[in-house]
Amino acid sequence: MKKLISSFKYAFQGIQYAFTTQRNIKIHFGIGIIVLLLGIYLKLSLLQWCILFLTINMVITAEMINTALEKTIDLVTEEYRILAKIVKDVAAGAVLISAIFSVIIGILLFYPKIFG
Ligand SMILES: Nc1ncnc2c1ncn2[C@@H]1O[C@H](COP(=O)(O)OP(=O)(O)OP(=O)(O)O)[C@@H](O)[C@H]1O
């Protein structure tokens with residue numbers, strides 16, 4: 001039980017670090033809040049809420065994994081290394097893909113509600 005509580009504590013420390021230090025996570029979190037408020041205003045269905053939560057989760061999780069990989073690389077080397085570049089670029093690419101798809105999902109969810 002004590003071990004479980006301390007692993008939650010460390011996980012929250014990780015969340016706190018990511019949300020307070022990473023500009024992109026702050027931006028995505030802010031957009032997430034706006035989209036949630038818009039969802040309340042537009043009275044989304046249960047399925048639409050599920051899709052919205054999954055989408056917000058996908059982007060923020062991708063950002064946090066990207067941060068963890070960046071820090072790991074910085075821990076391993078401060079020199080220019082092609083493998084370090086590949087890891088950071090692929091992780092950043094994953095964030096970009098999740099952000100692009102979240103915009104597409106946002107349009108599919110909200111466009112018919114606002115203009116339909
Ligand atoms: N050790 C390295 N070796 C080779 N290329 C690197 C290295 N560190 C960073 N890079 C290159 O610089 C880019 C930016 O890396 P950086 O660590 O500054 O991340 P960032 O995207 O600016 O994130 P943040 O602003 O959150 O620190 C990487 O995508 C990679 O192409």
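**View 1. Contacts across the sequence in a predicted model.** In this predicted model, take contacts in the protein between residues at least 6 apart in sequence: 68% of them join residues at least 24 apart. Burial is a useful companion figure here, with 13% of the 116 residues counting as buried.

**View 2. The four helices of the protein.** How many helices and strands does the protein have? There are 4 helices and 0 strands. Reading from the N terminus, you will meet the elements in the order α-α-α-α. The radius of gyration is 17 Å, well over the 13 Å that the globule rule gives for 116 residues, so the protein is more spread out than a compact globule. If you would like dimensions to go with that picture, the C-alpha trace spans about 55 × 40 × 20 Å along its principal axes.

**View 3. Glu70 on helix H3.** Look for Glu70 in helix H3, which covers residues 46-76. In UniProt, an unreviewed entry lists Glu70 under "binding site"; that annotation comes from the record and may be inferred rather than shown by experiment.

**View 4. The surroundings of Glu70.** Why does Glu70 count as partly exposed? Glu70 has 16 other C-beta atoms within 10 Å, and a residue is called partly exposed because its count falls between the limits of 12 or fewer for exposed and 20 or more for buried. Which residues does Glu70 contact, leaving aside its neighbours within four places in sequence? Lys88 and Ala91 are the partners to find in this close-up.

How values were computed:
Residues numbered from 1 in each chain as written. Predicted model: local features only at pLDDT ≥ 70, side-chain atom pairs only at ≥ 80, totals over all residues. Helix = DSSP H or I, 4+ residues; strand = E, 2+ residues; numbered from the N terminus. Contact = placed C-beta atoms within 7 Å. Rg over C-alpha atoms; globule rule 2.2 N^0.38 Å.
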